[in-house]
Amino acid sequence: MTNTVSSASNSAAKVNRETYLKHLLTQAAAAADESPLGLKALRDQAIALVNERSFPSGKDEEWRFTDLSKMLDQPFQRSQPVYSQADDWNAHLKLLSDGTCLTTINGHYDSSLSREVDQSTDKAIVGPLSELLKNSDYAEKLGPILKDKLAQIKGGSEVFTALNTVGFADVMVVWVQADQVVDAPIYIARGSQGGFISHVRSLVIAERHAKFTLVESFFGPAEATNAQCSVGQDEPTETCCNNSVTEIWLAEGAQVNHIRVQDESANTFHLAKTAVDQAANSQYQCTAVDLGAKLSRHHVEVYQSGAQTDTKLYGLSALGDRQLADTHSLLALTYPYGSATQIQKNIVDDQSHCVFNGKVYVSKEAQLTDASQLNRNLMLSTKARVDTKPELDIIADNVKCAHGATVSQLQSDEVFYLQSRGISAEQAQRLLLYGFGMEIVEKVSVPSLKEALSVRLRDWAS
């Protein structure tokens with residue numbers, strides 16, 4: 001009798017998930033119909049992929065620790081262009097200074113909140129794809145790029161990535177020309193609010209020996225973000241979902257410094273994919289800081305497609321209340337003399353939950369690879385939870401690879417040492433927390449942003 005009830009319950013849950021995925025697909029397809037970009041063949045292919053997939057559950061190995069069942073109660077509608085009060089966003093946007101800034105609200109480009117979007121520069125082409133295609137010169141150049149790059153990186157068949165391909169309203173394009181160095185950071189700011197699901201898309205191309213810094217920022221309205229800072233405070237009433245995909249292509253010798261900040265409201269579901277393709281001798285660094293959202297998952301995949309490439313992945317998640325943050329990563333090293341470094345730090349308080357699943361794959365051809373991976377977790381509450389799963393898959397026989405994971409609490413001897421220097425126990429704990437997180441924040445190369453994150457981390461630790 002028990003087995004029969006259990007079987008019926010599982011069947012009902014499966015039907016519910018299938019129905020919900022169809023609802024999301026319907027919303028995405030409707031958004032595509034309203035998009036000025038068209039791209040029918042690409043979207044039809046993605047629709048077919050979604051129809052072959054299922055909405056993730058705990059039975060899927062890749063989603064074993066991240067429960068999406070709370071999404072099933074959210075009847076998200078497709079996002080629409082909204083009129084925004086600048087005051088809602090300025091508190092965040094003013095942190096993104098000294099450079100080009102492309103801003104979208106709920107996935108729709110907002111020129112009034114963007115800055116210095118100059119299409120005429122000979123160093124880079126930066127702008128929303130819908131606007132660039134109106135320029136005949138750019139339209140001619142972008143044609144081959146769209147065919148060869150947009151939605152062409154590996155991993156595009158995953159269900160949320162495919163949903164994004166079906167439903168993105170526009171694409172933020174950053175295309176830096178060969179041998180050009182862009183000194184000021186290039187910002188892509190993504191604001192979200194309301195009961196919508198937004199499929200936001202970015203296409204980043206670094207031509208041969210190009211060098212620049214890209215900052216992606218995800219945030220909610222000022223009021224909602226501030227509310228999230230206080231654990232236990234009533235949550236904002238509106239729930240939204242941000243489904244983001246960023247494709248980054250590095251040609252030979254290119255260097256991209258990618259900074260990613262997720263500080264959305266406490267009622268946001270944030271599902272993100274960053275896919276990177278690195279040609280020979282290129283350098284890619286990603287520094288990701290997760291502070292906000294109800295549930296966030298960042299899936300970063302890096303494919304080294306040439307010899308002597310270098311990849312660095314740094315991450316920090318600092319969570320409280322009932323937040324969940326999931327960092328999934330794949331480093332695929334398939335050419336000789338490659339190098340990779342990954343450090344992921346997590347701090348969990350209250351009843352929050354952090355997940356880390358990092359895989360490093362070293363193929364037979366990737367001889368003389370040098371790779372290391374470290375996941376460190378700090379638990380501040382007995383009710384908090386950490387799931388960590390570092391993986392090394394090595395086929396090559398002449399490599400230097402290491403990985404490790406730790407889960408611990410604040411060390412009493414370290415607190416005692418600071419107390420012996422006249423610092424109170426409470427202040428000592430704050431200093432240790434701050435120092436733990438700042439190792440990652442120090443990797444942020446934009447001074448104004450690093451300062452803001454430092455203050456944010458200090459306030460969080462207080």
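**Cavities and sheet in a predicted model**

Author: This model is predicted. Its second largest cavity is lined by V289, L291, L316, V441, L453, R456 and L457.

Reader: What makes V289 a lining residue of the second largest cavity?

Author: The cut-off is an atom within 4 Å of a cavity point. V289 is listed in the lining, so V289 meets that cut-off.

Reader: How do you know which element supplies the largest share of that lining?

Author: Helix α10 supplies three residues, the largest share. Helix α10 spans residues 447–461.

Reader: Why is the lining of the second largest cavity counted as six nonpolar and one charged?

Author: Val and Leu count as nonpolar, and Arg counts as charged. The lining names V289, L291, L316, V441, L453 and L457, plus R456, therefore the classes are six nonpolar and one charged.

Reader: Why is the space a cavity and what is its volume?

Author: A 1.4 Å probe fits in a cavity but cannot get out. The second largest cavity holds about 30 Å³, and the search finds two cavities of 30 Å³ or more.

Reader: What is known of the largest cavity?

Author: Its volume is about 110 Å³. Its lining has 13 residues, with A288, Y314, G315, T327 and Q344 nearest the centre. Strand β14 gives four residues, the largest share.

Reader: What makes β3 and β20 edge strands?

Author: The sheet is open, with ten strands in the order β3-β2-β6-β8-β10-β12-β14-β16-β18-β20. β3 and β20 each pair on one side only, so they are the edges.

Reader: How do you know that β2 and β6 pair?

Author: Pairing needs at least two bridges. Five bridges join β2 to β6, so the two strands pair. They run parallel, and L102 stands opposite I188 in β6.

Note on methods. Residues are numbered from 1 along each chain as its sequence is written. This is a predicted model: local features need pLDDT of at least 70, side-chain atom pairs count only at pLDDT 80 or more; totals for chains, interfaces and linings use all residues. Side-chain values use heavy atoms; hydrogens and water are left out. Contact means heavy atoms within 4.5 Å. Axes are lines fitted to C-alpha atoms, for helices over the stretch in contact, and angles run from 0 to 180 degrees between N-to-C directions. On a 1 Å grid over the protein atoms alone, a cavity is a set of points where a 1.4 Å probe fits but cannot get out, and a pocket is an open set with protein on both sides within 12 Å along at least five of seven lines; lining residues have an atom within 4 Å of a point. Grid points are joined across faces, edges and corners, and a volume is the space filled by probe spheres set on the points.
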